[in-house]
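Please open the model in your viewer and keep the selection panel at hand; this tour moves from one aromatic side chain to the next.

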Amino acid sequence: MKIVNIVGARPQFIKVAPILKAIEGHNRARPDVPIHEVLVHTGQHYDYEMSQVFFDELGLKAPDYHLGVGSGTHGYQTGEMLKRIEEVLLREKPDWVLVYGDTNSTLAGALAAAKLHIRVAHVEAGLRSFNKRMPEEINRILTDHVSDCLFCPTETAVQNLAREGITKGVYLVGDVMYDAVQMYLAAAEDKSQILETLALKPKEYALATVHRAENTDDPERLRNIMMGLKHIAQDGLRVIFPAHPRTRKAISDLSLDISSSNLKVIGPVSYLDMLVLEKNARVILTDSGGVQKEAFFFRVPCVTLREETEWVETVEAGWNVLAGCDPERIAHASLAAQCSASSPYSCSIPFSPRTPLPPATPYGDGRAGARIVMILLECSGRL
């Protein structure tokens, strides 16, 4: 069986790692039924800090194809990827194409394969924000509707697909990002020096990330989010802000003043450094779905800088609140997180974490990658 994995953005490098590990494990255990794997990097993220460092840290093999598409409008980027991925698929003739998440790389890979009548498997299928102004939502919906295997991380995702009439080929496998945390946390704690480098003490700082186009491309939203982060810093909690290149450019273009002795803007950090920063933060503020989940995995209160989230389980469990882009809501939610039940302070808070929770509930048991590989083999009649 031959599989082509298509990745292009930093979350996808993390998501593919458990799949590659599961393929390696299968090939060792069953050399009589080998899986031939081809890794395609579209080039959607291409800076070292956004791409190569992940391959280095996660021990991923070099991509078999690097398409070098780079930045551009959604139409240009998706179109170029579609054209170049098609050339790879015609050459490789795989049994399956695996796509991950909700980026332009995801949609381009799914469309290229579907039009060539190659079976598509979507890892992280069924997520919905129900906000079609988000390009990610369009990518998710279209990818799900052309996929043959839909690998859902949660029961909510399964239900979302059923409401759209998709029930065939749907599998609840768990979350590959939880797999990745289980695989790499020990290495992160052993190797990362990020706390020492930034002179941070555990639970004495907030961690912030902002990268989604709905926030970075809207001047008013970005201005208000930055104002909210400054409020938190001025209230005395140090804020560490690893800035996505898009975000840094938008801040510069708008000439936003985010200077504060307690607000430190740094460049993008590696996956291992990010795990350590997340685990030791007092509160996390983010518009990233992956960071919301990782905050939940580490039981760190999370303030989501959006009006909705695909990861509703984190909100239902009491570890995540939606603050949108209102500076006062952002600052209040951050204060509330600091005044949670584990804090020596007391105040009225929106957080109501239910503890103890079973490990990883509701995101699986850390074996999603192995399940995905087994299902693909079964669907191909190889077992």
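A residue is called buried when its relative accessible area is under 20%. In this predicted model, begin by selecting tyrosine 178, which has a relative accessible area of 10% and is therefore buried.

Next, add phenylalanine 297, which also counts as buried, at 12% relative accessibility. A search of the whole structure finds seven aromatic pairs, and the two selected residues form one of them: the ring centres of tyrosine 178 and phenylalanine 297 lie 5.0 Å apart and their planes stand at 70°, which is over the 60 degrees needed for edge-to-face, so the pair is given that name. If you now colour the helices, tyrosine 178 falls in helix H7 (residues 176-191) and phenylalanine 297 in helix H13 (residues 289-297), so this contact ties together parts that are 119 residues apart in sequence.

Then move to phenylalanine 296 and select tyrosine 363 with it; their ring centres are 5.7 Å apart with the planes at 75°, so this pair, too, is edge-to-face. Phenylalanine 296 belongs to helix H13, whereas tyrosine 363 sits in the loop between helix H15 (327-338) and helix H16 (368-379), so that the pair links distant parts of the chain, 67 residues apart. Both phenylalanine 296 and tyrosine 363 are buried.

Keep phenylalanine 296 in view and add arginine 299: what sits over the ring of phenylalanine 296? The charged end of arginine 299 does, 4.5 Å from the ring centre.

Finally, select Tyr178, Phe296, Phe297, Trp311 and Tyr363 together, since ring pairs link these residues into a cluster.

Methods
Residues numbered from 1 in each chain as written. Predicted model: local features only at pLDDT ≥ 70, side-chain atom pairs only at ≥ 80, totals over all residues. Heavy atoms only, no water. Phe/Tyr/Trp six-rings, centres within 6.5 Å; stacked < 30°, edge-to-face > 60°. Helix = DSSP H or I, 4+ residues; strand = E, 2+ residues; numbered from the N terminus. Buried < 20%, exposed > 50% of the residue type's maximum accessible area, 1.4 Å probe, protein only. Lys NZ or Arg CZ within 6 Å of the ring centre and 35° of its normal.
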